[in-house]
Amino acid sequence: MLMHKGIGLERFNSLSRTRAVHALYECCCAVTWAEKIADARPYPDLATLLAASDVELSALSSADLDRILDSLAHDESGERSPELAARITRDRIGRMIEPPSGYPDR
């Protein structure tokens, strides 16, 4: 479960670095990846954020990808590939950002 579900892109872009890294870590469980994605803000749209995610995931070592897949094992079983890590991460980022304007504060 994501703590930062539905925050919207504008709110994500305006989070402090620490909070943005935390929100991203929920999506991928890789601190280095989360820091790089957070540091590249602001993102103009979700597609640009997802593309940056894919680039940084592909730059991770196989050991890092194994750790990510170990942490995501409860999401899907069987397949263990960089594509699976990217697919799950993209889905989680989408859930974190969508809808683009975010849900209203309560």
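The following legends describe close-up views of a predicted model. Local features are reported only at pLDDT of at least 70 and side-chain atom pairs only at pLDDT 80 or more, whereas totals for chains, interfaces and linings use all residues. Residues are numbered from 1 along each chain as its sequence is written, and side-chain values use heavy atoms, with hydrogens and water left out.

**View 1. The largest nonpolar core and the helices that build it.** A nonpolar core is a set of buried Ala, Val, Leu, Ile, Met, Phe, Trp, Tyr and Cys residues joined through side-chain atoms within 4.5 Å. Buried denotes under 20% relative accessible area, exposed over 50%, and partly exposed the range in between, for a 1.4 Å probe and protein chains only. The largest core comprises 33 residues, and Phe12, Trp33, Leu49 and Ile68 have the most contacts inside it. Two or more residues each come from helix 1 (9-14), helix 2 (17-28), helix 3 (31-39), helix 4 (46-58), helix 5 (62-71) and helix 6 (82-97). Helix 6 gives the most, with seven residues. Helices are DSSP runs (H or I, at least four residues), numbered from the N terminus.

**View 2. Surroundings of Leu49 in the core.** Contact means heavy atoms within 4.5 Å. When residues up to four places away in sequence are not counted, Leu49 touches Leu9, Phe12, Ile37, Tyr43, Ile93 and Ile97. Two of these partners, Phe12 and Tyr43, reappear in the next view as an aromatic pair.

**View 3. The aromatic pair of Phe12 and Tyr43, with Arg41 over one ring.** Rings of Phe, Tyr and Trp (its six-membered ring) pair if their centres lie within 6.5 Å; planes under 30 degrees apart count as stacked, over 60 as edge-to-face and the rest as tilted. The structure holds one such pair. Phe12 and Tyr43 are stacked, at 6.5 Å centre to centre and 20° between the planes. Because Phe12 belongs to helix 1 and Tyr43 to the loop between helix 3 and helix 4, the pair ties together parts that are 31 residues apart in sequence. Phe12 is buried, at a relative accessible area of 0%, and Tyr43 is buried at 5% relative accessibility. The charged end of Arg41 sits over the Phe12 ring, 5.6 Å from its centre; this term requires NZ of Lys or CZ of Arg within 6 Å of the ring centre and within 35 degrees of the ring normal. The peptide bond from Arg41 to Pro42 is cis, with omega near 10°, and Pro42 is found in the loop between helix 3 and helix 4.

**View 4. The buried side of helix 3.** Trp33, Ala34, Ile37 and Ala38 are the buried residues shown in helix 3. These residues lie on the same side of helix 3 because they cover an arc of only 125° around the axis, the arc being that of the directions from the helix axis to the C-beta atoms. Their cover includes helix 2, helix 4 and helix 6.

**View 5. Ser53 and Glu56 of helix 4 beside helix 3 residues.** Ser53 lies in helix 4 and is buried, with a relative accessible area of 0%. Apart from neighbours within four places in sequence, Ser53 is in contact with Trp33, Ile37, Thr89 and Ile93. Glu56, also in helix 4, is partly exposed, with a relative accessible area of 21%. With the same sequence neighbours left aside, Glu56 is in contact with Trp33, Lys36 and Ile37. The C-alpha atoms of Glu56 and Ile37 are separated by 7.6 Å, and these residues are 19 residues apart along the chain.

**View 6. The two sides of helix 5.** Leu65, Ile68 and Leu69 are buried in helix 5. They share one side of the helix, since they cover an arc of only 95° around the axis. Arg67 and Asp70 are exposed on the other side. The buried residues pack against helix 2, helix 4 and helix 6.

**View 7. Cysteines without a disulfide.** A disulfide is a pair of cysteine sulfur atoms within 2.5 Å, and the structure holds zero disulfides. For Cys27, the nearest cysteine sulfur, that of Cys28, is 8.1 Å away; for Cys29, the nearest is also that of Cys28, at 6.8 Å. Cys27 counts as buried at 0% relative accessibility, whereas Cys29 counts as partly exposed at 23%. Cys29 lies in the loop between helix 2 and helix 3 and has a positive phi of about 65° although it is not a glycine.
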